[in-house]
Amino acid sequence: MASDTQENLFTAVPDAQGHFGPYGGKFVAETLMAALSELETLYRKLAADPGFQRELDMDLAHYVGRPSPLYEAVRWSDEIGGARIFLKREDLNHTGAHKINNCIGQALLAKHMGKKRVIAETGAGQHGVATATIAARLGLECQVFMGEDDIHRQALNVYRMKLLGAQVIPVTSGSRTLKDAMNEAMRDWVTNVDDTFYIIGTVAGPHPYPMLVRDFQCVIGREARAQSLQQTGRLPDALVACVGGGSNAIGLFHPFLDDESVAMYGVEAAGHGLSTNQHAAPLTTGTPGVLHGNRTYLMQDADGQIMHTHSISAGLDYPGVGPEHAWLKDLGRVSYVVADDDEALQAFHTLTRVEGIMPALESSHALAYAEKLAAGMTAQQMIVVNLSGRGDKDIHTVAQIDGIGI
Amino acid sequence: MSRIAGRFAQLAAQGRTALIPYIVAGDPGLDVTVKLMHALVDSGADIIEVGVPFSDPMAEGPVIQLAHERALANGTSLRNVLALVQEFRQSDKDTPVLLMGYANPVEHMGYAAFADAAAQADVDALLTVDIPPEEVEDVHVQLRRVGMDNIFLVAPTTPDERVARIVGQASGFVYYVALKGVTGAGNLDTEDVARHVELIKKHCELPVAVGFGIKDAASARSVAAVADGVVVGSALVNSMARAIESGGDHEAALAAASALLAEIRQGIDSTA
């Protein structure tokens, strides 16, 4: 019975009001409340509809290319000399990251709701590209909000979105990064709520988004669990994933939450270092508060103003985090740790050199921590790292840091 | 009777509509806010809505977003805002003051600590844009404890049965958001506003004030014909920003805001 209680603790969230313990909820202006209710009602209906699940599974198999492999990085593991490291290859998905898993799901919801237009916020541009991709396929009008600073950092993805027929709208308010893009997307949604579906890219935002994005991303963990059993005959000892908003991490972790033997590490971006205040590690250094429709850990100052963040990876450069991670932190089920810019860069180079796999800078944070973790474990133990995206988009950033002009 | 209820009752007896200007505390400068509040009263304000600046004002259009950014750059915090109201009260004990802002600065101070400090500063009410009735209980309890009104929003998208639930918790007045969008946007559909005000009034005895999209004397007049109060925000904030952009100082900004408000007051009163 003890395990039943535990099971309920982890899997019975969110509650009917969208709360994960004290976190989550619906903190939005009244104008959006009806749209959120409508979305929740439809989602609960479709989630229980085998026809919808079939439609989703078909797309995941034939459009995204799932299941993604669980690849054992033998040379890298040997070089470290500790646990066996397996990479969940979300970088091999169509569009090059885990983001498409969620976009397909939400775009199908938009189609069922009869919405003609989708909007999205994006940081690194991966979610923007995934949204633009699915909008192209379904013939939906698509506008993507992106902070002006990120537009410069991720020029390649900006051009990809334009090629896909989406309009990229630069956001010049606030810190000109992901959080401001999300503000602007919310403002657009409140204005065009009748005909527009807002495809949120991470497990944040008002209920039901943290729940439905999680559900769509759980395909990662379900596959990884089955693949572990099939390929090694056992469950991994540890899971590692990077955490910005936290969608790839929750997708990997959630299907393992009831497996008590599996340790979990969510890796936040320590930027220039935790002591510098130039980082993006709200779970590690922040306090609870309310932003973007939910209560969660935030990087905020003494007056409750949201602080500017820094990470080398645009996708982790966010002052909040999904409310379910806040809850899992408080419960102690997941350990939240950090990797800084330099460690991530080094991991980027190592994996590229040793395995011939170029990881996204976001995923490189998970790799950097996995390297440390593996070194302290035995060769009989096993780690699964979520390789959430591929690194092509970051080549300019890396080259610039290495002093190479391309 | 709360100061807000008293003010609405007094206006109703005179057959007048409440004029509610919105300003952001600390914009254009921390030292001008109290003076501006007094000037707005002199120009015909019945209730003053003071915006508490926030780094991520999700419901605001570009004009008020910039005002929040300026106010924060001037060092304005929730504590400053409360101190400003306290200063205003030294020479005006009659005009109700409503704070409008976002959940996080209030939550960060702590709802109980905020309620105590706000009551101490003699603030009359709080409106938090991003706390709907579903999440309001914690703050509601504290406001009630110190006798402050909690102002709720009703939107054009609010279903009928939900209106009843919202106004059941409200006190002071009900704030009807006149359009789908952010502050300062779009054009008003007066007939739609009238329909919603009527719907709200079916469910409660409270006065209904209307905001979002009221730009000038003409739009204020058409809304005043169907509502108990008219909120003017972006137009006022913009008048100050433009005065400063064209080389004026804080005095010039204050004069511009006062002139605009006086004009709107005249527009409203001409419906009578």
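Start by selecting A:Asp259, which is buried, with a relative accessible area of 13%. Before going on, keep in mind that this is a predicted model.

**Stop 1: a salt bridge around A:Asp259**

Now add A:Arg225 to your selection. The side chains of A:Asp259 and A:Arg225 form a salt bridge, with N and O 2.8 Å apart. A:Arg225 sits in helix α11 (residues 219-232) of chain A, while A:Asp259 belongs to the loop between α12 (247-253) and β10 (263-269) of chain A, so the pair ties together parts that are 34 residues apart in sequence. Unlike its buried partner, A:Arg225 is partly exposed, at a relative accessible area of 26%.

**Stop 2: A:Lys393 and A:Glu362**

Next, pick A:Lys393 and A:Glu362. Here is another salt bridge, and the closest N and O atoms are 2.8 Å apart. This pair also links distant parts of the chain: A:Lys393 is in the loop between β14 (382-387) and α17 (395-401) of chain A, and A:Glu362 is in helix α16 (residues 361-375) of chain A, 31 residues away. Are these two residues buried or exposed? A:Lys393 counts as buried, at 6% relative accessibility, and A:Glu362 is buried too, with a relative accessible area of 9%.

**Stop 3: a pair within one helix**

Jump to helix α9 (residues 178-191) of chain A and show A:Arg187 and A:Glu184, which lie 3 residues apart in this helix, about one turn. Their side chains meet in a salt bridge (2.6 Å, N to O). A:Arg187 is buried, with a relative accessible area of 4%, whereas A:Glu184 is partly exposed at 23%. If you feel like hunting for others, a search of the whole structure finds 41 salt bridges over all chains.

**Stop 4: helix α10 of chain A**

Select residues 209-217 of chain A, which make up helix α10. How many of the 9 residues of this helix are buried? The number is 8, so the helix is largely enclosed by the rest of the structure. Among the buried residues are A:Tyr209, A:Met211, A:Arg214 and A:Phe216.

**Stop 5: an open sheet**

Switch to a cartoon view and colour the strands β1, β2, β12 and β11 of chain A. These 4 strands form an open sheet in the order β1-β2-β12-β11, with antiparallel pairing. At the edges you'll find β1 (19-20) and β11 (287-291), each pairing on one side only. As a bit of background, strands of a sheet pair through backbone hydrogen bonds, either parallel or antiparallel.

Zoom in on β2 (residues 23-27) and β12 (residues 293-298) of chain A, which pair in the antiparallel sense over 2 bridges. A:Phe27 has A:Gly293 in β12(A) as its bridge partner.

Then slide over to β11(A), which pairs with β12(A) in the antiparallel sense over 5 bridges. There, A:Leu291 stands opposite A:Asn294 in β12(A). What do β11(A) and β12(A) form together? They make a hairpin with 1 residue between them, and A:His292 in the turn has a positive phi of about 50 degrees.

**Stop 6: where the chains meet**

Bring chain B into view. The contact takes 37 residues from chain A and 36 residues from chain B. About 2800 Å² is buried between the two chains, and carbon and sulfur atoms give 50% of that area.

Which kinds of links should you look for? The rule finds 4 salt bridges across this interface, and there are 23 residue pairs in polar contact between the chains. To see one of the salt bridges, show the side chains of A:Arg295 and B:Glu107, which come within 2.6 Å, N to O.

Now look at the chain B side. Here α3 (62-73), α5 (103-109), β6 (152-154) and α8 (160-169) each supply at least two of the residues that touch chain A. The largest share, 5 residues, comes from α5(B). Colour that side by residue type and it divides into 19 nonpolar, 8 polar and 9 charged residues.

**Last stop: B:Glu161**

Finish on helix α8 of chain B, the place of B:Glu161. At 62% relative accessibility, B:Glu161 counts as exposed. Run a distance from B:Glu161 to B:His108, C-alpha to C-alpha: the two are 33 Å apart in space and 53 residues apart in sequence.

Key: Residues numbered from 1 in each chain as written. Chains lettered and ligands numbered in written order. Predicted model: local features only at pLDDT ≥ 70, side-chain atom pairs only at ≥ 80, totals over all residues. Heavy atoms only, no water. Contact = heavy atoms within 4.5 Å. Buried area = accessible area lost by both parts, 1.4 Å probe. Polar contact = N/O pair within 3.5 Å; in protein donor to acceptor, adjacent residues only side chain to side chain. Nonpolar A, V, L, I, M, F, W, Y, C, P; charged D, E, K, R; others polar. Buried < 20%, exposed > 50% of the residue type's maximum accessible area, 1.4 Å probe, protein only. Pairing = 2+ DSSP bridges.
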